[in-house]
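Biologist: Could you take one part of this chain and give me a close look at it, then show me how it fits with the rest? Please spell out your cut-offs as you go.

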Amino acid sequence: MSSILDLVRPDLRTFAGYASARRADVSGSIWLNANESPWPSPADPDGASHRYPEPQPAALRTALAELYGVEADRVLIGRGSDEAIDLLVRALCRPGHDAVAIAPPVFGMYAVSARLQGAPLIECPLRDTAEGFVSDLDALAAAAEHTAARLIFLCSPANPTGQALAPEAVLALCRRVRGRALVVVDEAYGEYSRVASLMPAIAEHDNLAVLRTLSKAHALAAARIGVVIADPRLIAVLRNCQAPYPVPAPSAHLALAALQPEALARTRERVAAARSERDRLTAVLAAEPCLVRVYRSEGNFLLARFRDAEAVFRALLAAGVVVRDMRAHAGLGDALRISIGTPAENDAVIAAIRSVSEAIAAGISSNPV
Ligand SMILES: Cc1ncc(COP(=O)(O)O)c(C=O)c1O
């Protein structure tokens, strides 16, 4: 019977990590065990910022577990999902040996973390079809079965391509590669999706991990709070690989405030607004003559191909609108990724793109602004 710990680097399976002062199981009223200042900071006279924070703030961990509908021992809090990705690669992949499999074009940090760890990268490109981008889950499974892929990163909804994976297909992949690879589903944009999350399946699949973040729908990108949800034994290993105090107290306070019922209700309203703006922008762009294709998106962004992407990019910049230029990515030579803004910001996008359509109609597409 294989265990999820079999996928962890052998040298880290029993590694206890750094024994920080806050992890010691002691109590008292005079704390002199961490070489902190005994006085509050002049910048924070009423606060407790002179003390190191809890490594995994218990109240925040409980609130996140409740939010995501899982047990607290399945949750690890980190500095954004970026740190979660890095921890997973470091804990599972021996440099030069265990590979990371991805489905490009996709969020760049999986490849960056693999590169930093010296882990080989296996690319199983998405297929661009009439229905949108499609993941080749067979090729990803084969990467685990026939080569040394130890980690398979799936992004759902996918950045930058917008599609979400059917949960049943992901679970079939988990079953197929069990004992060989961990399947990580990055749901950074999960709140915006019409497709169900994989989180409810975590308890039944020990080689499935889900990444969530407060950076997107919860509007706390600057607080750097991301979460890995996985088997408790894997969470314990990741915790031992993490920095001693990974969650700054001000970020933990902000995050906890964002998870109170009134804040969550406001967040839900904003997610609904973003989804409705996404659908409006999709429909408006689809009718623009300068557009080649806009992909259906389950995230808070749109990937669009243009007849003259350079002209559109420049027209947007001239209107003060900065979008993500995707043209350097394989297969996206004519594409831009546009985040969904406020209705007024989206109107600015529409106006700039219309100006390019008008310039094309007037025969001056090479210099529309
Ligand atoms: C798919 C995906 N995962 C993770 C991240 C990083 O999120 P965080 O801010 O939690 O590090 C991003 C950021 O753009 C992303 O697009």
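**A close look, from one helix outwards**

Modeller: Let's start where helix 9 (residues 309-318) ends: Gly320 follows the helix, and its phi is positive, near 85°. Helices here are DSSP runs of H or I with at least four residues, strands are E runs of at least two, and both are numbered from the N terminus. Bear in mind that this is a predicted model, with local features needing pLDDT of at least 70, side-chain atom pairs counted only at pLDDT 80 or more, and totals for chains, interfaces and linings using all residues. Residue numbers start from 1 along each chain as its sequence is written.

Back in helix 9, the buried residues are Ala309, Ala311, Val312, Phe313, Ala315 and Leu316 (buried: 20 or more other C-beta atoms within 10 Å of a residue's own, placed from the backbone; exposed: 12 or fewer; partly exposed: in between). Their cover includes strand 11, strand 12 (324-325), strand 13 (335-339) and helix 10 (343-361). Strand 11 (residues 301-306) runs antiparallel to strand 10 (residues 291-294), joined to it by 3 bridges; strands count as paired once DSSP finds at least two. The hairpin between strand 10 and strand 11 goes through 6 residues, and Leu291 has Phe306 as its bridge partner in strand 11.

Zooming out, the assignment splits the chain into domain 1 (4-259) and domain 2 (263-361), with bounds that come from an automatic or database assignment. Their C-alpha centres are 29 Å apart, and the contact draws on 24 residues from domain 1 and 21 residues from domain 2 (contact: C-beta atoms, placed from the backbone, within 7 Å). On the domain 1 side, strand 5 (132-134) and helix 7 (249-258) each supply at least two of the residues that touch domain 2.

Val312 of helix 9 turns up again in the largest nonpolar core, which has 106 residues; Val312 is among those with the most contacts inside it, along with Val100, Ala101, Leu151, Ile152, Val183 and Val184. Helix 2 (residues 80-92) gives the most to this core, 7 residues. Because domain 1 and domain 2 both contribute residues, the core lies between them. (A nonpolar core is a set of buried Ala, Val, Leu, Ile, Met, Phe, Trp, Tyr and Cys residues joined through C-beta atoms within 7 Å.) Leaving out residues up to four places away in sequence, Ile152 touches Ala101, Leu140, Ala144, Val177, Ala181, Val183 and Val184.

Val100 and Leu151 are also bridge partners, with Leu151 in strand 6. Strand 2 (residues 99-102) and strand 6 (residues 149-155) pair in the parallel sense over 3 bridges. There is an open sheet of 7 strands in the order 1-9-8-7-6-2-3, with mixed pairing. Its edges are strand 1 (75-79) and strand 3 (121-123), each pairing on one side only, and the twist averages 25° from one strand to the next. Helix 3 (residues 109-117) lies across strand 2, strand 3 and strand 6, at about 170° to strand 2; axes are lines fitted to C-alpha atoms, for helices over the stretch in contact, and angles run from 0 to 180 degrees between N-to-C directions.

As for helix 2, Leu87, Arg90 and Ala91 meet Val237, Leu238 and Cys241 in helix 6. Helix 2 and helix 6 (residues 232-241) pack at about 100°, axes 10 Å apart, and are therefore roughly perpendicular (65 to 115 degrees; under 35 is roughly parallel, over 145 roughly antiparallel, the rest oblique).

Conventions:
Contact = placed C-beta atoms within 7 Å.
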